Structures are given as C-alpha cells and as structure tokens.
Amino acid sequence: MNCYPNQGLYSEHSDLQHRPSYSDKVLLNCMFNITFRGTHFEEGGLFLRINEKKIDIDDLTKPGSVMFYNGNLKHGVDRISSKAEIGRIAGYPSKQFFLN
C-alpha cells in the first residue's frame, strides 16, 4: 500500500534508475487505486512520462481499474491536495516481473 496524505508527493524517478545495466528492461508493475481524485482528493496524483509527455494516470482510472505499467519509465506522484484529509491510497502488489 502507498499512502500520500494531503501535501504528499513522490519525485519523478524510475524504479531501476540506480541500476544502469537494467535500463533497457521492462519491469512490470501493477497498481490499483483505493481512493480517487474528485472524491477523496482534489489535485495531484500518479503520472508516467513517456517520450517526454506527462500522462496523468489518475485521470484515466476509475473504481475497479487495475493498471500495469513499466516501472522503468519515469513516474511519480504530483503533490496531493485533499480537503477531506484522506489523500491518495493505492495498492501495489509486491511481485514485479522482468519481461525481457
């Protein structure tokens, strides 16, 4: 579980940035939201950066969504704003797989 309270964030990174020999690998990650923008928090959330384009993942997910992504892509969490003080909560099963 990851919890980003009101004003919480996670700087842009890749999961293998400190392992240069793995820079060409696909690291399969899985994620599902427990809280959602518009209901539990107003601003911020998970993003991926693909070819310098920032993709707002929380804008694409809804209750019941499960997302798979390459953890070797740049990603992070923009600062959360939550008037309800719940913030952003997501589940990340701990198994990760290299696909190549």
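Select Val77 first. In this predicted model, Val77 counts as buried because its relative accessibility is 4%, and buried means under 20%. Val77 belongs to strand S7, which covers residues 74-81. Now display what surrounds Val77. Apart from neighbours within four places in sequence, the residues in contact with Val77 are Tyr4, Leu9, Tyr10, Gly45, Leu46, Phe47 and Arg88. For a sense of scale, draw a line from the C-alpha of Val77 to the C-alpha of Lys25: the two residues are 22 Å apart in space and 52 residues apart in sequence.

**Arg88 and Asp58**

Keep Arg88 from that contact list and add Asp58. These two form a salt bridge, with 2.7 Å between the closest N and O atoms. Arg88 is in strand S8 (residues 88-91) and Asp58 is in the loop between S5 and S6, so the pair ties together parts that are 30 residues apart in sequence. Are Arg88 and Asp58 buried or exposed? Both Arg88 and Asp58 are buried.

**Phe41**

Next, select Phe41, in the loop between S3 and S4. Phe41 counts as buried because its relative accessibility is 0%. Which residues is Phe41 in contact with, leaving aside its neighbours within four places in sequence? They are Thr35, Phe36, Asp58, Ile80, Ser81, Ser82, Gly87 and Arg88. Asp58 and Arg88, the salt-bridge partners from the previous stop, are thus among the contacts of Phe41. Measure across to Met67 as well: the C-alpha atoms of Phe41 and Met67 are separated by 19 Å, and the residues are 26 apart along the chain.

**Two further salt bridges**

The whole structure has 4 salt bridges. Go to Arg37 and Asp56, whose side chains meet in one of them, at 2.9 Å from N to O. Arg37 is in the loop between strand S3 (27-33) and strand S4 (43-50), while Asp56 is in strand S5 (residues 53-56), so this pair ties together parts that are 19 residues apart in sequence. Arg37 is partly exposed, with a relative accessible area of 26%. Asp56 also counts as partly exposed, at 31% relative accessibility.

Then select Asp78 and Lys54. Their side chains meet in a salt bridge of 3.0 Å, N to O. This pair links distant parts of the chain, with Asp78 in strand S7 and Lys54 in strand S5, 24 residues apart. Asp78 counts as partly exposed at 31% relative accessibility, and Lys54 is partly exposed with a relative accessible area of 40%.

**The largest pocket**

Turn on a surface and select Asn2, Asp15, Tyr69, His75 and Tyr92. Of the 16 residues that line the largest pocket, these lie nearest its centre. How much space lies in the largest pocket? The value is about 190 Å³. To see which elements build the lining, colour strand S1 (2-4), strand S2 (10-13), S3 and S7, each of which supplies at least two residues. Which strand gives the most to the lining of the largest pocket? S7 does, with 3 residues. S7 is also the strand that holds Val77, where the tour began.

**A nonpolar patch on the surface**

With the surface still on, select Met1, Phe32, Ile34, Val66 and Phe68. Together they make a nonpolar surface patch of about 510 Å². Pick out Phe68 from this group. Phe68 lies in strand S6, which spans residues 67-70. Why does Phe68 count as exposed? Its relative accessibility is 54%, and exposed means over 50%.

**Two loop residues with positive phi**

Finish with the backbone in view. Select Gln7, in the loop between S1 and S2. Gln7 is not a glycine, although its phi is positive, about 75 degrees. Gln7 is partly exposed, with a relative accessible area of 43%.

The last selection is Glu85, in the loop between S7 and S8. Glu85 is another residue other than glycine with a positive phi, in this case near 60 degrees. Is Glu85 buried or exposed? Glu85 is exposed, with a relative accessible area of 56%.

Terms used: Residues are numbered from 1 along each chain as its sequence is written. This is a predicted model: local features need pLDDT of at least 70, side-chain atom pairs count only at pLDDT 80 or more; totals for chains, interfaces and linings use all residues. Side-chain values use heavy atoms; hydrogens and water are left out. Patches are made of residues with over 30% relative accessible area and no salt bridge: like charges are joined within 9 Å, nonpolar side chains (Val, Leu, Ile, Met, Phe, Trp, Tyr) within 5 Å. Accessible areas come from the Shrake-Rupley method with a 1.4 Å probe; for residues, only the protein chains shown count as cover. Helices (H or I, at least four residues) and strands (E, at least two) are DSSP runs, numbered from the N terminus. Buried means under 20% relative accessible area, exposed over 50%, partly exposed in between (1.4 Å probe, protein chains only). Contact means heavy atoms within 4.5 Å. On a 1 Å grid over the protein atoms alone, a cavity is a set of points where a 1.4 Å probe fits but cannot get out, and a pocket is an open set with protein on both sides within 12 Å along at least five of seven lines; lining residues have an atom within 4 Å of a point. Grid points are joined across faces, edges and corners, and a volume is the space filled by probe spheres set on the points.
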